[in-house]
Structure formats: C-alpha cells, structure tokens
Amino acid sequence: DEYRPDKALSEGDLKNAIRVHHALATRASDYSKKSNVLKLKTADWRVFLFQAPSKEEMQSWILRINLVAAIFSAPAFPAAVSSMKKFCRPLLPSCTTRLCQEEQLRSHENKLRQLTAELAEHRCHPVERGIKSKEAEEYRLKEHYLTFEKSRYETYIHLLSVKIKVGSDDLERIEARLATLEGDDPSLRKTHSSPALSQGHVTGSKTTKDATGPDT
C-alpha cells in the first residue's frame, strides 16, 4: 500500500518491514535476469533484490538507503570473547544511534580502522589453498565477513562526509553534491522531490520510503 507519513504504521507494517539498520544497498551486478536491480543486504545478512523503473532511480534508492543506514545505525557492540574456533558474526544493534552526525562519522572511521587491521591480521595467517576442511571454511567465512564490513563502513563514511559538508538534510542537494564529486555521473542525479531527513524516522522499508519521498 502507498505509504503516508501522516498515518501511523500498523502492527502488520512493522512486522513486515525490512529493517535497514547496518544494511548495505548495492547494484545487483551478479543478477542478469532483469535490469536496474539493487541488492539489499541486511544486518542479519538476508539478501533482498528490488527492481527500479530506471537506472537513475535505482542509484537514488541505493544512495538513500545507505545514507539513512550511515546516519542512524547505532555503533556496533564490542566483539564477544570466546574460546570457540568457529567464526560467528556479531549481533548488530537495531536501536537508533544517540551520537550527533560528526560523532557518528568518527565512530564509523574508528570501526573502519579496526576492521582494516583485523582483515590484514587475518590475511597474515592464511590456510593452505585447496584444503577442504572446517578450518579452511571458517577462514573463508571470516575473510568474507571482514571484507564486506570494510566495504560497508567505507560507503557509510563517504556518504556521511558528503552529507555533513553539504550541511543540509535535503536528499536532492546531497545527491547533486555526490554527482559533482563523481564527475556528474548521470546515475547519481536527482529523481524526485524529497523531504528532509528526520531523526525520528528509520526502522524499515516503510520508513525508508518516508525518508526518500512518497514518489520514489
């Protein structure tokens, strides 16, 4: 159903909403059945594919989802201490951050430094290639996780830095600034009119629509 910001979300809406905290949206480059498809990977590593009507709108959704996640996702919990060798992804908080945007940016930068160091350390102790063992699978899973998380925080830092420099919550202005930085890439140009971001909105796909405008 069409989302209306003046109407409270029902219990069904909240139950079915896709939460975008700590999520990352990218172009689904490995999916060729349809065009203009974006891939959304959530905090619990579920993957959703969405098709947009055009390349421009696909890029706009990617930018806006990632920017919302960068602004509102609360800092990750410290890694749990365990004697188990099996790799487990840490749980990520679904609550909204209490940090201001400058502090949020510094938090992302600190996390990126941590992940970069951890990935470098991990790669210093590789397992022998070609071995199909539990140890090799655990190594592969951890490297995949660290690489993805590094990419996610790099995206968050880039978008949040631009947003802070623009000094506005207007998503069209942020998109325009990003287009300028990317050499006026047409895939980043504005699509539809949009309201300002509000600290009170962001829990899932319904509220992402609120942040991106009813026509997106």
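**Exercise 1.** In this predicted model, decide whether His22 is buried or exposed, and then describe where His22 lies and what its backbone shows.

*Solution.* We begin with the accessibility: His22 has a relative accessible area of 2%, and because buried means under 20%, His22 counts as buried. Next we locate the residue, which lies in the loop between α1 (11–16) and β1 (24–27). Finally we look at the backbone, where His22 has a positive phi of about 55° although this residue is not a glycine.

**Exercise 2.** Work out in which loop Trp45 is found, what sign its phi has, and whether Trp45 is buried or exposed.

*Solution.* The first step places Trp45 in the loop between β2 (37–41) and β3 (47–51). The second step concerns the backbone: the phi of Trp45 is positive, at about 65°, although Trp45 is not a glycine. In the third step we take the relative accessible area of Trp45, which is 19%, and since the cut-off for buried is under 20%, Trp45 is buried.

**Exercise 3.** Describe how helix α2 (residues 55–72) packs with helix α5 (residues 171–181), and state which residues meet.

*Solution.* We start from the geometry, in which the two helices α2 and α5 pack at an angle of about 110°, with their axes 11 Å apart. Because angles of 65 to 115 degrees count as roughly perpendicular, α2 is roughly perpendicular to α5. The crossing of α2 and α5 is, moreover, right-handed. Turning to the residues, we find that Ser60, Leu63, Arg64 and Leu67 in α2 meet Leu171, Glu172, Ile174, Glu175 and Leu178 in α5. Sorted by class, this contact of α2 with α5 has five nonpolar, one polar and three charged residues.

How values were computed. Residues are numbered from 1 along each chain as its sequence is written. This is a predicted model: local features need pLDDT of at least 70, side-chain atom pairs count only at pLDDT 80 or more; totals for chains, interfaces and linings use all residues. Side-chain values use heavy atoms; hydrogens and water are left out. Axes are lines fitted to C-alpha atoms, for helices over the stretch in contact, and angles run from 0 to 180 degrees between N-to-C directions. Helices (H or I, at least four residues) and strands (E, at least two) are DSSP runs, numbered from the N terminus. Angles under 35 degrees count as roughly parallel, over 145 as roughly antiparallel, 65 to 115 as roughly perpendicular and the rest as oblique. A crossing is left-handed if the near helix is turned anticlockwise from the far one by less than a right angle, and right-handed if clockwise. Contact means heavy atoms within 4.5 Å. Ala, Val, Leu, Ile, Met, Phe, Trp, Tyr, Cys and Pro count as nonpolar, Asp, Glu, Lys and Arg as charged, and the others, Gly among them, as polar. Buried means under 20% relative accessible area, exposed over 50%, partly exposed in between (1.4 Å probe, protein chains only).
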